[in-house]
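This briefing covers selected local features of the structure shown below. It is arranged by topic for reference at the bench.

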Amino acid sequence: MDQQGPSKRLKTEHNTALEQKQGFEGGLQRKMKIEGSEEVNVQSMDAEENAASSSGSKVIIQFQSVEGEKAGTQLEVPADVSLKQMQSLINQILDNKETMPYAFFVNDREIMVSLSETLAEEKISLEKIVSVVFQPQAVFRVRTVTRCSSSLSGHSGAILHVHFSADGKRLASGGGDGTVRLWDTLTSTPLKTLKGHKNWVMAVAWAPNGEYLVSGDSKGEIRLWEGKSGKACGKPLRGHKAYVSSLVWEPFHNNPECRRICSGSKDGSVRVWDVVTKKCTLSMNGHTKGVTCVKWGCEGLIYSSSQDRTIKVWDSVRGILVRSLQGHAHWVNGLALNIDYALRIGPYDHKGLCSKDVKERQVVAKEKVSKVLKENGLQYELLVSCSDDFTLFLWDPVRGKKSLARMTGHQQPVNHVAYSPDGRYIASASFDNSVRLWHGMSGKFISVFRAHVQDVYMCAWSADSRLLLSASKDSTLVVWNLKTKKIKHQLPGHADEVYAVDWSPDGEKVASGGKDKMLKVWVT
């Protein structure tokens with residue numbers, strides 16, 4: 001006869017059944033004697049082992065958007081459910097008429113292969129209800145560039161800046177020879193050579209409507225050009241006393257006429273110009289050292305970074321200082337907004353097409369900005385800064401001056417920073433020969449890309465946010481795959497350092513230039 005009590009026998013049977021069903025002991029604990037005297041509690045398996053042995057096991061998940069809105073009810077799914085199966089599942093839950101691509105995250109970690117792998121990496125128990133955040137991806141896909149289609153000569157000095165127009169059909173380059181050159185990206189042939197600058201051209205920028213091009217040189221002179229003909233529009237804009245480091249246009253949805261530009265200079269000033277009257281309408285002089293970068297946000301604010309270690313936020317209407325963002329211990333080298341891509345392309349879609357109606361174009365441009373913010377669960381734009389102090393800072397500049405995150409990891413000055421078009425990722429290029437990837441909303445470190453053997457000067461994103469390009473002092477370009485976090489292609493070809501790179505908004509081409517004075521166009 002069984003001598004065990006009823007309660008003890010039931011408990012033993014329950015434990016045995018649980019072990020047989022789940023294949024592991026889960027949260028059960030047992031007591032072990034250590035050296036015959038001391039008792040300690042030891043968990044039979046940690047969460048990573050649970051997930052690793054999850055074959056045949058199930059887990060309860062709850063889909064939710066980045067805004068925190070739940071989609072459907074809690075679901076019990078196999079722990080090793082694949083990414084493809086989750087794509088199908090969320091499309092059914094959302095009742096999408098057409099299948100849409102989505103990315104899935106658990107604790108800000110993207111699910112790359114299966115849910116079980118991500119749970120193991122995050123050490124999450126299968127006994128818990130897992131919140132899976134879904135985020136829509138670009139419907140279109142950009143094919144990676146693999147070869148150089150054209151090597152275009154013309155510049156007699158180093159190429160310092162390249163920039164595609166919003167529709168991706170024209171390319172502008174500025175160099176040490178004092179010229180701005182326009183190129184036809186369809187035929188890879190020169191269109192115009194814009195002469196007027198007497199010194200190095202440090203920055204060029206296309207208007208969002210593609211009608212104008214603006215350029216700034218090392219003596220502080222700014223010139224305006226017609227986008228199609230290349231003719232100079234009146235006299236140069238003079239006011240800066242040192243080189244123009246950065247140029248940016250007012251967002252299209254705020255001003256579809258594209259009348260105002262903002263410039264930052266080594267003289268420490270930030271100026272706003274009216275391109276019709278050719279006059280400086282605002283002069284903002286709060287920095288004590290040179291301005292390195294300027295950005296114009298969708299909320300009517302202008303952001304400027306400086307060698308005085310601060311980022312200043314300006315009112316673009318009155319020209320007054322709104323707030324000063326402090327935290328960096330050395331020069332602030334660059335800025336990026338999570339809506340940069342949306343502001344750049346304005347009314348154009350990823351194919352370079354747009355409506356002929358001005359009001360409709362303005363609405364489309366506004367919707368692009370709103371979409372990026374909504375899909376990331378944000379009300380306002382975010383700003384990231386990079387510095388010679390080896391760090392980056394993430395800011396919510398519209399609402400406050402306190403940083404959201406301090407991002408560390410680089411071992412040398414961080415020269416350039418760029419947000420992905422969907423606002424989900426941040427890429428930083430550093431003199432430590434690496435590119436680092438960060439979470440766009442939290443600033444959390446994701447991955448480090450190492451392939452260059454010398455300083456990385458700049459990086460650029462593909463329009464679908466699935467590929468990243470880096471340019472280096474080692475004369476190469478490298479294309480990175482965001483899904484695998486590995487090299488997609490390495491692009492040698494330049495004879496010297498690569499200073500400038502840009503990926504066309506339509507995703508079709510990449511342009512690069514540098515010390516070898518050659519402009520190279522790369523295609524799929």
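In this predicted model, Asp95 counts as exposed, because its relative accessibility of 63% lies over the 50% cut-off. The residue sits in the loop between α3 (83–93) and β5 (102–106). The points below take up its backbone, a second residue with positive phi, the cysteines and one sheet.

**Residues with positive phi**

- Most residues other than glycine have a negative phi.
- Asp95 has a phi near 55°, a positive value in a residue other than glycine.
- Lys278, likewise not a glycine, also has a positive phi, with a value near 60°.
- Lys278 is placed in the loop that runs between β18 (270–274) and β19 (279–284).
- With a relative accessibility of 29%, Lys278 counts as partly exposed, because this value falls between the cut-offs of 20% and 50%.

**Cysteines**

- How many disulfides does a search of the whole structure find? The search finds 0 disulfides.
- Cys386 is in no disulfide, and the nearest cysteine sulfur, that of Cys293, is 8.2 Å away. A disulfide requires the two sulfur atoms to lie within 2.5 Å, so this pair does not qualify.
- The relative accessibility of Cys386 is 0%, and Cys386 therefore counts as buried.
- Cys459 is likewise in no disulfide; its nearest cysteine sulfur belongs to Cys386, at 9.0 Å.
- Cys459 has a relative accessibility of 3%, which is under the 20% cut-off, so Cys459 also counts as buried.

**The four-stranded sheet**

- Strands of a sheet pair through backbone hydrogen bonds, either parallel or antiparallel.
- An open sheet of 4 strands follows the order β32-β33-β34-β35, and its pairing is antiparallel.
- Which strands form the edges of this sheet? The edge strands are β32 (456–461) and β35 (486–491), each of which pairs on one side only.
- From one strand to the next, the twist averages 25°.
- Within the sheet, β33 (residues 467–472) pairs with β34 (residues 477–481) in the antiparallel sense, over 5 bridges.
- Ser470 has Val478, in β34, as its bridge partner.

Technical notes: Residues are numbered from 1 along each chain as its sequence is written. This is a predicted model: local features need pLDDT of at least 70, side-chain atom pairs count only at pLDDT 80 or more; totals for chains, interfaces and linings use all residues. Side-chain values use heavy atoms; hydrogens and water are left out. Two strands pair if DSSP finds at least two bridges between them. Helices (H or I, at least four residues) and strands (E, at least two) are DSSP runs, numbered from the N terminus. Axes are lines fitted to C-alpha atoms, for helices over the stretch in contact, and angles run from 0 to 180 degrees between N-to-C directions. Buried means under 20% relative accessible area, exposed over 50%, partly exposed in between (1.4 Å probe, protein chains only).
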